[in-house]
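Biologist: I'd like to learn how to read a few features in a structure file. Could you walk me through some with me at the screen?

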Amino acid sequence: MSGTAPPQQSAANGKAEEDPEKKAKKAAKQAEKDAKKAKAAAKADAAAKAKAAAASGDGGASKKAAAKKASEEKRAAEAEQMAQIIDAAKATKPGHKKDYTGEMPKAYDPKFVEAAVYAWWEGSGFFKPDASDKDTEKFTMVIPPPNVTGQLHVGHALMVALEDLLVRWHRMSGRNVLWVPGMDHAGIATQVAVEKRLQRERGVSRYDLGREAFIKEVFKWVESYGGRIQGQIRRMGASPDWDREAFTMDSQLSRAVVEAFVRLHADGLVYRHNRLVNWDCTLKTAISDIEVDYIDVPENTQLRVPGYDSPVQFGVLISFAYKLEDGEGEIVVATTRIETMLGDTAVAVHPDDPRYKHLHNKHVIHPIGDRRIPIITDAQLVDMSFGTGAVKITPAHDPNDYATGQRHNLESINILTDEGMINEAGGQFAGQPRFKARETVVAWLQDLGLYRGQAGNAMRLGLCSRSKDVIEPVLKPQWYVNCQGMAAEACTAARDGRLTILPSEYQATWFRWMENIRDWCISRQLWFGHRIPAWYVRIQGGSNAAPGGPSEDMSAWVVGRNEQEAAESARQKFPGKEFSLEQDEDVLDTWFSSGLFPFSVFGWPENTGDLQAFYPTSLLETGHDILFFWVARMVMMGMQLTKQVPFSHVYLHSMVRDAHGRKMSKSLGNVIDPLHVLEGISLKDLHATLEGGNLDPKEFAKAKEGQKKDFPEGIEECGADALRFALAAYTNQANNVNLDIKRVVAYRHWCNKLWNAVRFASKNLGDDYTPPAKLTQPSQLPWACRWILSRLNAATQTTVHAMHGYMFSDASTAIFEWWQYRLCDVFIELVKPVMSQQEGDSAERDAFRETLWLCLDNGLRLLHPFMPFVTEELWQRLPRAQWQSHIPSIMVAPYPQADSSWADSAADSSMEDALAVMKAVRSLRISYGLLHRQQPPVSIKLSIPASSPRAQALSRPDATAAIGTLAPASRVEVLTEGQEQPQACGVEIVDSEVMVCLEVGDLVDASKEIEKLGAQQGARRAALTELDKQMGASGYLKATPASVQEHNTERRASLQSETDSLEQQIQAFKRLLSSR
């Protein structure tokens, strides 16, 4: 498991070569020695130069310059030493364990920590499940497959951070874990990328090559350039089983796609229909709703549109008239898309509109070909109060008009070619680009005397998210999936508990959308993708209607797994007929194959061992933005095709925005590339990332200014661990994550805190330390040890509970606070004086050593799923207990579990009291500006009897010693009820029972102290006066509940005691002042 390999025989001399791992370790140690020598030499050289400069008599300026130069040379030498150590770590043979036996570098460096370890994890098989284990509880998850063309963005980083966090936690918790990675072929994105490359490099289009040659070019591109994101996901520390990586165009997954289409068609759920689709004239394909971005367009706005040299006007409502057939007048309509009037087939009015009662059932004449088109009444469509109250109807190019056309059996006239040109139905405008026709149609209407003016009209405009072209609703025959019944089943699963959606607020959204679902268009007019397994049957001597056109015979289609099956279906459908078959040129929507991903990756439709062992999966984690476009389709298709819900839980993570809550956009300069966070980047190089894009000069300047404001010094190198932890810490089940890079940087520096804790332990545990085979019972340990283990137990309990509930922010907070505020800030500080004692109680030192080791071992394992790299590095450097000797890596070590024997409420309470006193002392020290070497005595004045549990706990020697160490103070004394406090003290009130007195004496300005204490006393006297007024009011005793009276009495006594104590201090400082 360690990754070592046997010696190899040299082909040249037959001698056994040195073990590569040993060789790498020797190289690392030699590099360490060389670096130390270089550092020593640089230090000696700097010292000599400083001495020479001092002797030269140049004065203070020369000394400062020499000191500065010496400091710079020292930093350079340390950087060179670290670079050599990093190079030695990177030289580890891929798949082998790097050397952890050398001396720890002085500081955390992500490049060093992350070097070589991932390849060792993967090569050692730590990411794999035990496929033969039938008994252990399983945890299975598939990755939301990123696009094969994609690069890691911050949304992917969040996905990886959360999913790998879950996977590592489940793995360490003893479950048999399988996380399946994969990539989506992303039909449109990949095809566009390859077409652009072919045009740029060879000046050819896909049509020049032909379909078969073009597909070969796409696969060559995918092989050469695709999948970069998988390497970047590795950089984040993700631990899926890479040997099971799936690609949606793999033969197995492609077979599943064909089978799914055939089965759904056989069940009557896939059908052919002529409906409106979102048509992209640049890509020349239908696109899904998720690929349409809607923008708000103000009145009279000029926009750039692909394929047009000049901007196109939007946000204008143009009015024109249709002449009545009988010549007795006209009816005026208005539209923001005047070119679509070429396809009008009706005018609609409201049936109750008195202005048009006389026009019911009449006709108007369309100026193209003098077509008669009816005036219809439709209360569902027409708003009498808007415009003229008359609406033009273009069923082939508007969703509302299409629905109206269906209700009234209207003709649908498509006026556009696939390229966005006006077709022959547009008469004299045929061949004109659609937005050129927008201008020429207006001029034509003016010439005919039918133009009635225009007005500004704000509107929403749909753009393709990839091409940025304006989407055209176009009527085309396509393949659809009937989703009604499947959606109802998916709703039932969510209601009966077979499917749990988290956060729970998305359940209402799920039901709202699924209960109003529309059928799904799955045809895409692309070449790259899964070609639709449907064939158009051309009967010899029959109609010549072509597939895909307006005259297509939709009954002429047959479906099969291959052409032979299709031919057999055609013979059954058209017995005795001679025919030829023509396969559909279209491919399936990418979401169709993605919808099969949770079971196609396990070999479906075959009933494979993997399918039986790992399906259904446990969890689907993804962004809430694709709840319907992907999650819903997986649930529907999984339940229909496998008769099982494909996963029991869905967790929807937040969307990542910038620190100000803004959506990330290149034009704002706030896009955060995770690799820049991992590796660091200068402001200059950040600016360079804006170049070569499509930003106009104003946007470019705005983006540069945004980068300068948010990242004035660029982005510091943070490493994967800091970014992962920050993303998890932000995830509190809210809709958005407002990612502030400063917080990531803070966690990078926190890694150094962890580093220093283990370095401290390494020095104080000693090289020969071995954790005891049997751990000491917590009740037998010193007070501070009992406390830190109790807090560790509480942190463990909180973390495990939070992980079960997907409360990642709560889990990360519990871990951070224990490491930072309990272990590092308190316990390690209390360990230092114990370990520094040359003489004394060796049993106490052993107890502190054992507790320190327990804390670090458990704390690192607790943290590992969040920060895999640094925890592996540090855990490997800890001594191993006997029970751990067989565990090669922290990632396969058991996750900590809460242990009730470690819980100690008494220790928790007394330490919290001690820490409250310590904070009060520190507050006083800060207010007096005391240096660390100035450690005046501290008195803890209690207003409770010495016999009370709280007084006894604070009076214990270990408690006062802890306060003295942490505060710091030269002496700590507890004064109970009746004992006089020292004179000339600074005072800080902890609570009604505890007051801290810092014996500052001559260290402070007595007159200022009198003024400060007087202000405190005045505040308490005012509170006393108000309370006395309340308690002395008429009817107080009768109207006030006994509990409130008791509380007020206790509060008055406390205020009076505090006032008296402050008076004593004021008088003491006055005496001190008069004696000077």
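Modeller: Happy to. Helices here are DSSP runs of H or I with at least four residues, strands are runs of E with at least two, and both are numbered from the N terminus. Keep in mind that this is a predicted model.

Biologist: Where is Pro-605 found in that scheme?

Modeller: Pro-605 lies in the loop between α17 (597-600) and α18 (609-614). The peptide bond joining Trp-604 to Pro-605 is cis, with omega at about 20°.

Biologist: And which residues does the cis bond with omega of about -5° join?

Modeller: That cis bond links Leu-502 and Pro-503. Pro-503 sits in the loop between β19 (500-502) and α14 (505-514).

Biologist: Let's turn to phi. What is the value for Asn-300?

Modeller: Phi of Asn-300 is near 50°, which is positive in a residue other than glycine. Asn-300 belongs to the loop between β7 (292-297) and β8 (301-303). Ala-116 also has a positive phi, near 70°, and is in the loop between α3 (110-114) and α4 (117-123).

Biologist: Is Asn-300 buried, partly exposed or exposed?

Modeller: The range between 20% and 50% relative accessible area counts as partly exposed. Asn-300 has 41%, so it is partly exposed.

Biologist: How do I read a helix, then?

Modeller: Start with the general pattern: an α-helix has 3.6 residues a turn, so residues three or four places apart point the same way. Now look at α23 (residues 719-730), whose 12 residues reach 17 Å from first C-alpha to last, close to the expected 16 Å.

Biologist: How many residues of α23 are buried?

Modeller: 12 of the 12 are buried, so α23 is largely enclosed by the rest of the structure. The buried residues include Asp-721 and Arg-724, along with Leu-723, Phe-725 and Tyr-730.

Biologist: Which residues touch the most other members of the largest nonpolar core?

Modeller: A nonpolar core joins buried residues of certain types through side-chain atoms within 4.5 Å. The largest one has 171 residues, and Trp-819 and Phe-866 touch the most other members. Helix α26 (residues 808-836) gives this core its largest share, 15 residues.

Biologist: What does Trp-819 touch?

Modeller: Leaving out residues up to four places away in sequence, the contacts of Trp-819 include Trp-750, Leu-754, Ala-757, Cys-824 and Leu-863. There is also a second, separate core of 69 residues, among them Ala-256, Val-270, Met-486 and Leu-611.

Conventions: Residues are numbered from 1 along each chain as its sequence is written. This is a predicted model: local features need pLDDT of at least 70, side-chain atom pairs count only at pLDDT 80 or more; totals for chains, interfaces and linings use all residues. Side-chain values use heavy atoms; hydrogens and water are left out. The expected span of a helix is 1.5 Å times one less than its number of residues. Buried means under 20% relative accessible area, exposed over 50%, partly exposed in between (1.4 Å probe, protein chains only). Contact means heavy atoms within 4.5 Å.
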